[in-house]
Amino acid sequence: MTTVLTPATPLTAGDRCDRCGAQAYLRVVLISGGELLFCAHHGRKFQPELKKIAAEIQDETEKLTATPASAQENER
């Protein structure tokens, strides 16, 4: 049996952590089907357990440290 995963859509500000309701930066696609969304804090906290049950983990936590393009233009 072959599993084909479609490319994940980027997470938005409307995607909320299933644990606390904060903005989600991780999407965990479960082997059993379905998905869970986590903020960076809860994603790190549950990472060992999530790796055991995940078919795929979409991690967008780099958005937390990225400099917005408008700020980069002002620095020039």
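What percentage of the 76 residues in the protein chain is buried? The answer is 25%. Keep that number in mind as you click around, and remember that you are looking at a predicted model.

**Stop 1: the whole chain**

Start with a cartoon view of everything. You should find two helices and three strands in the protein chain. Follow the chain along its sequence and the pattern reads β-β-α-β-α. Now think about who touches whom: of the contacts with a separation of 6 or more, 38% are between residues 24 or more positions apart.

**Stop 2: the sheet**

Select the three strands: strand 1 (26–30), then strand 2 (35–38) and strand 3 (54–59). Together they make an open sheet with the order 2-1-3, and the pairing is antiparallel. Strand 2 and strand 3 are the edge strands, each with a single partner, so each has one side with no neighbour in the sheet. Turn the view a little to look for the twist, which averages 15 degrees from one strand to the next.

Here's a handy tip for looking at any strand: in a regular one, side chains alternate between the two faces of the sheet.

**Stop 3: strand 1 and its partners**

Zoom in on strand 1. Four of its five residues are buried, so the rest of the structure largely encloses this strand. Look toward strand 2 and you'll find four bridges, with the two strands running antiparallel. For a pair to click on, try Val28, which sits opposite Leu36 in strand 2.

Now look toward strand 3. Five bridges join strand 1 to strand 3, and this pair is antiparallel too. Select Arg27 and then its bridge partner in strand 3, Gln58.

**Stop 4: the hairpin turn**

Where is Gly33? Look in the loop between strand 1 and strand 2. These two strands form a hairpin with four residues between them, and Gly33 in the turn has a positive phi of about 105 degrees. Gly33 counts as partly exposed because its relative accessible area is 40%. Add Ala54 to your selection: Gly33 and Ala54 are 21 residues apart in sequence, yet their C-alpha atoms are 9.3 Å apart in space.

**Stop 5: helix 1**

Next, select residues 40–53, which is helix 1. This helix has 14 residues and reaches 18 Å from its first C-alpha to its last, close to the 20 Å expected at 1.5 Å a residue. Run your eye along the helix to Gln47, where there is a kink of about 70 degrees, shortly before the proline Pro48.

Which residues of helix 1 are buried? Colour Ala40, His42, Gly43 and Leu50, and you have them. These buried residues pack against strand 1, strand 2 and strand 3.

**Stop 6: Arg19**

Go back along the chain to Arg19, in the segment before strand 1. Is Arg19 buried or exposed? With a relative accessible area of 57%, Arg19 is exposed. Show its contacts, skip residues up to four places away in sequence, and you'll see that Arg19 touches Phe38, His42 and Phe46. So you meet His42 again here, one of the buried residues of helix 1. You can also try the distance tool from Arg19 to Leu36: they are 17 residues apart along the chain, and their C-alpha atoms are separated by 9.3 Å.

**Stop 7: the cysteines**

Show the cysteine side chains. How many disulfides does the structure hold? Zero. Take Cys17: this residue is in no disulfide, and the nearest cysteine sulfur, in Cys20, is 3.8 Å away. Cys17 counts as buried, at 5% relative accessibility.

Then pick Cys39. Why is there no bond here? The closest cysteine sulfur, again that of Cys20, is 3.9 Å from the sulfur of Cys39, which is too far for a bond. A disulfide needs the two sulfur atoms within 2.5 Å. Cys39 is buried as well, with a relative accessible area of 7%.

**Stop 8: Glu60**

For the last stop, select Glu60 in the loop between strand 3 and helix 2 (69–74). Glu60 is buried, and its relative accessible area is 9%. Leave out its neighbours within four places in sequence and light up its contacts: Thr9, Pro10, Leu11 and Tyr25.

Definitions and conventions: Residues numbered from 1 in each chain as written. Predicted model: local features only at pLDDT ≥ 70, side-chain atom pairs only at ≥ 80, totals over all residues. Heavy atoms only, no water. Buried < 20%, exposed > 50% of the residue type's maximum accessible area, 1.4 Å probe, protein only. Contact = heavy atoms within 4.5 Å. Expected span 1.5 Å × (residues − 1). Bend = angle between axes of the 7 residues up to and from the residue. Pairing = 2+ DSSP bridges. Axes fitted to C-alpha atoms, helices over the stretch in contact; angles between N-to-C directions.
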